[in-house]
Amino acid sequence: MSNNLLKGKKGIIFGALDNKSIAWQVALEAVNNGAEIILTNAPIALRMGSIHDLAKKCNCQLISADATLVKDLENLFNQAMRIFNGKIDFVLHSIGMSVNVRKKRPYTDLNYDFLMKGLDVSAISFHKMLQVAYQLDAISNYGSIIALSYIAAQRTFPDYNDMAENKAYLESVARSFGYHYGKHSNVRVNTISQSPTMTTAGSGVTGFDAFFDYANKISPLGNASSEDCAKYCVTLFSDYTKAVTMQNLFHDGGFSKTGVSQELIDLISIKK
Ligand SMILES: NC(=O)c1ccc[n+]([C@@H]2O[C@H](COP(=O)([O-])OP(=O)(O)OC[C@H]3O[C@@H](n4cnc5c(N)ncnc54)[C@H](O)[C@@H]3O)[C@@H](O)[C@H]2O)c1
């Protein structure tokens, strides 16, 4: 079903790796709603191949960019404006990676070079992208920029490790840059705090299956799927949310507001 919410709009989508990626679903849903898009990812993701299939499906161009490199981002935004023959209406930052998580370093024994790399990829890249877009004046009046976050920015989930700080930084950038971009040209900047989702980045976290089941049992609506996240992104890219900015918006089936669910109480009671 399409409501053509993005008819005539043009956007850049970062972070579609394979068909499990949240960004993959956002790309499909944006195009389904009438948008014209450009896909981008790091050079290694382009070599892995799947994203080329998505580009075909979306009938769009694919531009390689390492989101930690300002020169790559400048090239991407300049090329996008040439392809679109004008400014960009929406951008999705769907990028996350912790070297400490990958190498299974516990939070109490972090490697700080790994920490800096993960912070750059997962969070500083969002500032870099915003700053490049701002300085090139690449985003339309009332454009919308979203990054994806997780509730570990507010509450502790031990195995989420240093990604918790990366998400806290990411959400802070949305508030700080959202102020400046709002004043400059009414551009909206928000983060969406998404439920645990079965993707390559998600399942890299130790004990992810238990993590996923726990959230599913707590949330009154169950975990939010990547397809539903894509639909939520489309509303935030659309003109129906023109006054929403500098927010961290929970898209989590009610998880963030629930203390405990009867389902979980019943499960713990049976075990005793
Ligand atoms: N999966 C979950 O449970 C979950 C929950 C909440 C938020 N998120 C967030 O959603 C976003 C997307 O993750 P996903 O779960 O779809 O996993 P994913 O692994 O499919 O996506 C992560 C993407 O980051 C890209 N990336 C890594 N380094 C990059 C770089 N230097 N430059 C450009 N791109 C780079 C990867 O190529 C990949 O496409 C991340 O920010 C993640 O933290 C995920």
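Around the ligand in this predicted model, helix 1 (22–32) and strand 5 each supply at least two residues of the surrounding shell. In total, 28 residues surround the ligand, and the closest of them are Ser21, Gly96, Thr199, Ala201 and Gly202. When the residues of this shell are sorted by chemical character, they divide into 15 nonpolar, 12 polar and 1 charged.

Strand 5 leads us to the sheet. Strands of a sheet pair through backbone hydrogen bonds, and they may do so either parallel or antiparallel. Here the sheet is an open one of 7 strands, which follow the order 3-2-1-4-5-6-7 with parallel pairing. At its edges are strand 3 (61–64) and strand 7 (248–251), each of which pairs on one side only. On average, and with direction ignored, neighbouring strands of this sheet are turned by 20° against each other. To look at one pair in detail, strand 5 (residues 139–149) runs parallel to strand 6 (residues 188–194), and the two are joined by 6 bridges. Within this part of the sheet, Ser144 stands opposite Arg188, a residue of strand 6.

Helices lie across these strands. Helix 4 (residues 70–84) lies across strand 1 (10–14), strand 2 (36–41), strand 3 and strand 4 (88–93), and it runs at about 160° to strand 2. Helix 9 (residues 226–237), for its part, lies across strand 1, strand 4, strand 5, strand 6 and strand 7, running at about 165° to strand 6.

We can now turn to the nonpolar cores. The largest has 63 residues, and those with the most contacts inside it are Ile13, Ala27, Ala30, Ile37, Leu39 and Cys233. Helix 1, already met beside the ligand, gives the most to this core, with 7 residues. Taking Ala30 as an example, and not counting residues up to four places away in sequence, we find that it touches Leu6, Gly11, Ile13, Ala35, Ile37, Val234 and Phe237. Apart from this core lies another, of 9 residues, among them Val101, Ile151, Ala152 and Ala153.

A last residue to consider is Ser203, which is placed in the loop between strand 6 and helix 8 (208–218). Is Ser203 buried, exposed or partly exposed? Ser203 counts as partly exposed because it has 15 C-beta neighbours inside 10 Å, whereas a buried residue would need 20 or more and an exposed one would have 12 or fewer. Leaving aside neighbours within four places in sequence, Ser203 is in contact with Met198 and Phe208. Phe126, by comparison, is 77 residues from Ser203 in sequence and 22 Å from it in space, C-alpha to C-alpha.

Notes: Residues numbered from 1 in each chain as written. Predicted model: local features only at pLDDT ≥ 70, side-chain atom pairs only at ≥ 80, totals over all residues. Pairing = 2+ DSSP bridges. Helix = DSSP H or I, 4+ residues; strand = E, 2+ residues; numbered from the N terminus. Axes fitted to C-alpha atoms, helices over the stretch in contact; angles between N-to-C directions. Contact = placed C-beta atoms within 7 Å. Near = placed C-beta within 6 Å. Nonpolar A, V, L, I, M, F, W, Y, C, P; charged D, E, K, R; others polar. Core = buried A, V, L, I, M, F, W, Y, C linked by C-beta atoms within 7 Å.
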